[in-house]
Amino acid sequence: MSAWEPVVGLEIHVHLKTRTKMFCRCPVGFGAGENTQTCPVCLGLPGALPVINRRAVEWTIKLGLALGCEIRGHAVFARKHYPYPDLPKGYQISQYDLPSCVDGKVILPSADGDREIGIVRAHLEEDAAKTVHVGGRTGRIGGADYSLIDFNRGGTPLVEIVTAPDIRSADEAKRFLQLLRQTIVELGISDAEMEKGALRADANVSVRPAGSNELRTRTELKNMNSFTFIARGIEAEVERQVGVWESGGEVRQETYDFDAASGKLTPRRAKEEADDYRYFPEPDLVPVEPPAELVERLRGELPEPPGARIERLEGTLGLERSSVLVTGGLDRLWEETVAAGAEPVQAANVIANALMGAGVDPGSVSATELARLVDARDRIPRAAFDEAVSKLGEPGFSADPYLTQEAVSDESELEPVIARVLEANPGEVEAYRGGKDGLLGFFVGQVMKETQGKANPRVVSELVKAKLSA
Amino acid sequence: MAPVVDTLRLTAEDAIGLVQRGDVSAGELHAAYLEAIEERDGELHAYLRTVEEADGASIPIALKDVISTRGVETTAGSRILEGYVPVFDATVAARCRAAGLTLLGKTNTDEFAMGSSTENSAWGPSRNPWDPALVPGGSGGGTAAAVSAGLAPWGLGSDTGGSIKQPSALCGNVGLRPTYGSVSRFGVVAFASSLDQIGPVAKTVRDVALLYSIIAGRDRCDSTTVELPEEVRLPEDERVDGLRIGVPRQLADLDAIEPGVRAAFERSLELAEELGAELGECDLPLSYRYGMPCYYLVAPAEASSNLARYDGVRYGLRTEADTYDGMVERTRDDGFGPEPKRRIMLGTYALSAGYYEAFYGQAQKVRTLLIREHREALEPFDVIATPTSPAVAFPIGDKAADPLAMYACDLLTIPSCLAGLPGLSIPCGLSDGLPVGLQLLGPQFGENTLFRLGHALERALGFDTVPERLR
């Protein structure tokens with residue numbers, strides 16, 4: 001396996017949260033009644049003409065700048081033809097050979113130094129409508145009893161970002177996407193929520209002998225609707241392709257759907273003929289030619305990119321913790337908490353684990369109170385700490401009532417409980433003595449449970465260790 | 001009840017005067033035209049449908065059936081749009097309404113404005129008021145026949161390669177194809193987006209100029225429109241001293257131009273000289289050699305794309321089948337006539353992968369050359385003059401089986417359309433008792449100059465726009 005290197009490129013679609021659609025003034029949004037957010041333009045009625053949404057263009061440029069792209073002074077929308085009922089004009093309006101943003105790169109901080117992921121292009125297009133196929137077994141239009149179309153989504157502005165095949169592992173793909181997602185969220189141009197379909201990613205995957213520069217036949221993976229599934233899908237596909245090559249076979253160019261439930265990849269039925277989209281410049285629109293001043297103004301509005309912030313925190317926190325904080329949008333709270341006097345690593349752990357685990361909105365948390373809790377974490381009972389953390393987001397929260405509680409650190413009180421726990425788990429005791437150090441946490445957890453979270457975990461940990469090594 | 005006015009001779013300007021002075025009401029005028037339609041349109045079939053009630057305070061107007069009208073069926077002459085009632089007005093229709101004009105009815109057209117005779121209408125051909133055995137031209141034959149026969153004071157057509165100018169010529173009317181970008185296409189059923197323009201048809205140049213002033217100007221809903229650089233002026237001058245007219249040298253070698261047409265054309269040039277114009281020769285060699293093939297790549301390519309929306313899913317005709325693909329196939333087979341099918345196939349081919357550069361891409365390059373050639377030809381001149389159509393009206397059925405002969409009707413109108421330039425056609429005489437059209441071409445937004453020359457010539461020519469058989 002180590003003799004093979006994955007080569008992965010990603011195609012990411014991002015819904016822009018503009019107030020109105022890409023080419024008409026219908027509102028963009030979820031949850032409205034079917035086909036209520038429509039007009040002659042997004043329904044493709046005869047004679048209706050598109051008009052470019054200025055804000056969508058500006059946001060695309062902004063995104064392009066954040067991805068280090070060159071912003072073209074002359075971009076052109078084209079018509080991309082394919083017949084499907086979710087496409088009311090019979091074509092999608094999309095930038096094609098002259099996109100707004102080209103030749104960018106994103107620095108992805110990695111364990112083995114910075115990785116540079118090339119951005120081939122970022123272009124603007126309109127989304128298709130939503131179809132629901134009712135009846136039949138395949139869930140597709142062929143064989144369905146009937147199909148329903150909701151044109152509310154039709155015409156929503158969509159940016160497509162295409163990376164170079166610079167990604168070398170499933171984990172790297174996942175980390176790149178997390179960084180990209182955070183970049184988009186901080187630009188304020190999209191919620192970029194995968195579960196709502198506001199961010200979708202397809203992966204182009206191939207493998208090659210490690211150290212070579214060749215590009216072998218790639219396959220396309222679609223329908224992966226979470227970062228974890230994307231990583232899993234790529235992993236499974238890499239494994240499959242290595243198997244094919246090693247058994248003397250040949251990887252064929254195919255498209256696979258990832259099934260989250262089974263974790264399996266199913267090939268799509270091959271089409272009889274290749275797609276011919278018959279692209280040509282959209283004659284109903286004029287070229288997009290943003291003035292240089294506009295581009296510079298947008299450049300001036302960019303926030304510090306998340307990748308740079310990870311690098312800044314890496315020295316203090318290590319890559320893993322910095323990445324989690326930054327891509328989770330938690331680093332500002334962390335900085336404020338540290339400024340309020342908390343120990344940096346402890347603060348990072350509390351924010352990334354306890355606070356997020358409790359589902360608290362980091363935006364509503366008082367850094368001062370959080371810093372006091374981080375500081376008292378080992379002194380107060382675990383139960384009190386957990387309760388305090390879960391209430392951090394409440395208005396006017398004060399740590400005071402929790403800080404007066406003391407965790408049980410008295411050895412004479414803890415010893416009998418520890419003895420009981422060890423007696424009840426002889427197998428684990430034996431395993432620990434045989435070298436499975438990781439079981440320490442298990443014993444501590446059991447003691448914490450027995451004491452209803454009142455024990456001081458640090459003291460318990462010391463006592464258990466002493467007892468078992470005796 | 002006798003008609004309150006004689007619609008045969010009534011110009012739009014005079015009709016507006018009647019209404020403004022209170023001599024007739026808008027409703028009475030509307031009714032008078034409906035009565036004329038009742039009387040004469042059984043033979044001519046200029047209208048696909050009429051509107052009974054006047055919905056404005058001014059005079060009536062006829063709109064070609066490619067123009068969307070809220071609440072009034074709009075089929076573009078195609079079965080595939082049978083029963084389609086727009087929920088919105090085209091911008092030009094809305095501007096007419098805003099000016100108080102009352103919608104008289106929707107006029108016949110070749111299917112999706114594809115044709116030069118109105119024979120390609122799914123609802124049957126229109127006939128020429130000068131001789132019902134002949135075509136009125138096309139695609140806007142319905143509007144032209146209606147104006148000519150006094151079934152409307154004026155109307156709007158759409159012009160892609162000659163669909164306003166050519167029928168105006170064949171029916172003895174004045175027609176303007178405006179500069180590309182001066183009139184909104186929003187709500188007009190698209191044929192070839194980079195060529196389609198909406199324009200007026202009337203009995204006089206002044207009427208055409210007046211209607212143009214109502215519909216022209218930037219529309220937020222059409223990104224290809226601009227504000228007019230100067231106001232529309234209603235022409236008044238009787239003379240055109242110092243106006244320079246260029247005549248393409250290449251006309252001499254075009255055998256397609258009938259002798260009678262040539263004679264009427266040359267007479268009107270002499271007349272222009274008498275009115276003070278200076279004549280000279282200009283050159284448009286590429287235009288007459290490559291204009292047609294270029295047009296028949298660009299227009300069908302765009303048409304194949306614009307017609308992709310007619311799939312039976314949302315509106316118009318639907319022929320049911322067991323599968324989605326089957327439904328679309330059968331709907332299109334039933335809904336599109338032979339000419340749209342022919343152009344969809346041509347255009348799809350011209351845009352397909354591997355052929356794009358050789359066909360559509362190449363045609364766009366030729367188009368750039370034609371734009372340049374027209375600009376250079378117009379440099380020493382204010383106007384270029386040619387006949388509008390190489391021939392007068394021909395018998396129904398004569399060219400129906402020969403698409404290339406039909407396409408050749410637009411030989412003289414097509415090149416300036418590709419260049420986006422305005423063209424005015426005015427009647428300049430008769431050949432074998434049938435009207436001949438004079439085409440005046442100008443630079444972008446040169447409409448006022450065309451109106452000035454057209455008006456002076458119109459007065460000097462004294463052409464009677466009422467067909468002889470109806471006088």
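Author: Helices (H or I, at least four residues) and strands (E, at least two) are DSSP runs, numbered from the N terminus. The model discussed here is predicted.

Reader: Where is the place of B:F112?

Author: B:F112 is not a glycine, yet its phi is positive, at about 50 degrees. The residue lies outside the helices and strands that flank it, in the loop between strand 3 and helix 4 of chain B.

Reader: Does B:F112 count as buried or exposed?

Author: A residue is buried if 20 or more other C-beta atoms lie within 10 Å of its own. B:F112 has 32 C-beta neighbours inside 10 Å, and therefore it counts as buried.

Reader: Which residue does a cis peptide bond join to B:S139?

Author: B:S139 is placed in the loop between strand 3 and helix 4 of chain B. Omega of the bond is about 10 degrees, and the residue joined to B:S139 by this cis peptide bond is B:G138.

Reader: Is B:D432 buried or exposed?

Author: B:D432, a residue other than glycine, has a positive phi near 55 degrees. It belongs to the loop between strand 10 (423-431) and strand 11 (434-441) of chain B. A residue with 12 or fewer other C-beta atoms within 10 Å is exposed. Because B:D432 has 11 other C-beta atoms within 10 Å, it is exposed.

Reader: On which residue is the kink in helix 2 of chain B centred?

Author: The 19 residues of helix 2 (residues 26-44) of chain B should span 27 Å at 1.5 Å a residue, and its end C-alpha atoms are 25 Å apart, which agrees. The helix nevertheless has a kink of about 40 degrees. The residue at the centre of that kink is B:E38.

Reader: What covers the buried residues of helix 2 of chain B?

Author: The buried residues of this helix include B:L29, B:Y33, B:I37 and B:L44. The covering elements include helix 1 (12-21), strand 1 (47-50), strand 2 (60-64), strand 3 (102-107) and helix 4 (141-148) of chain B.

Reader: What phi does B:H45 take?

Author: B:H45 comes just after helix 2 of chain B. Its phi is positive, at about 55 degrees.

Reader: How many residues of strand 4 of chain B are buried?

Author: On one side of the strand, B:W154, B:L156 and B:S158 are buried. On the other side, B:G155, B:G157 and B:D159 are buried, and both faces are thus covered. Of the six residues of strand 4 (residues 154-159) of chain B, the number buried is six.

Reader: Which residue stands opposite B:D159 in strand 6 of chain B?

Author: Strand 4 of chain B runs parallel to strand 2 of chain B, to which two bridges join it, and B:L63 is the bridge partner of B:L156. With strand 6 of chain B, strand 4 of chain B pairs in the antiparallel sense over six bridges. In strand 6, the residue opposite B:D159 is B:Q197.

Reader: With how many C-beta neighbours inside 10 Å does B:Q197 count as buried?

Author: Leaving aside neighbours within four places in sequence, the contacts of B:Q197 include B:S158, B:D159 and B:Y180. B:R185 is 12 residues away in sequence, with a C-alpha to C-alpha distance of 6.7 Å from B:Q197. B:Q197 counts as buried because its C-beta neighbours inside 10 Å number 25.

Reader: How many bridges join strand 1 of chain A to strand 9 of chain A?

Author: Five of the seven residues of strand 9 (residues 157-163) of chain A are buried, so the strand is largely enclosed by the rest of the structure. Strand 6 (residues 113-126) of chain A pairs with strand 9 in the antiparallel sense over seven bridges, and A:E126 has A:P157 as its bridge partner. Strand 1 (residues 4-15) of chain A places A:E11 opposite A:V162. Strand 1 and strand 9 run antiparallel, and the number of bridges joining them is five.

Reader: How far apart do the C-alpha centres of domain 1 and domain 2 of chain A lie?

Author: Chain A is divided into domain 1 (4-300), domain 2 (330-403) and domain 3 (411-469). The C-alpha trace of the chain spans about 85 × 60 × 50 Å along its principal axes. Between the C-alpha centres of domain 1 and domain 2 of chain A, the distance is 38 Å.

Reader: Which helix of chain B gives the largest share of the side that touches chain A?

Author: In the contact between the chains, 35 residues of chain B meet 26 residues of chain A. Two or more residues of the chain B side come from each of helix 8 (285-306), helix 9 (324-335) and helix 10 (338-351) of chain B. The largest share, three residues, comes from helix 8.

Terms used. Residues numbered from 1 in each chain as written. Chains lettered and ligands numbered in written order. Predicted model: local features only at pLDDT ≥ 70, side-chain atom pairs only at ≥ 80, totals over all residues. Contact = placed C-beta atoms within 7 Å. Domains from an automatic or database assignment. Pairing = 2+ DSSP bridges. Expected span 1.5 Å × (residues − 1). Bend = angle between axes of the 7 residues up to and from the residue.
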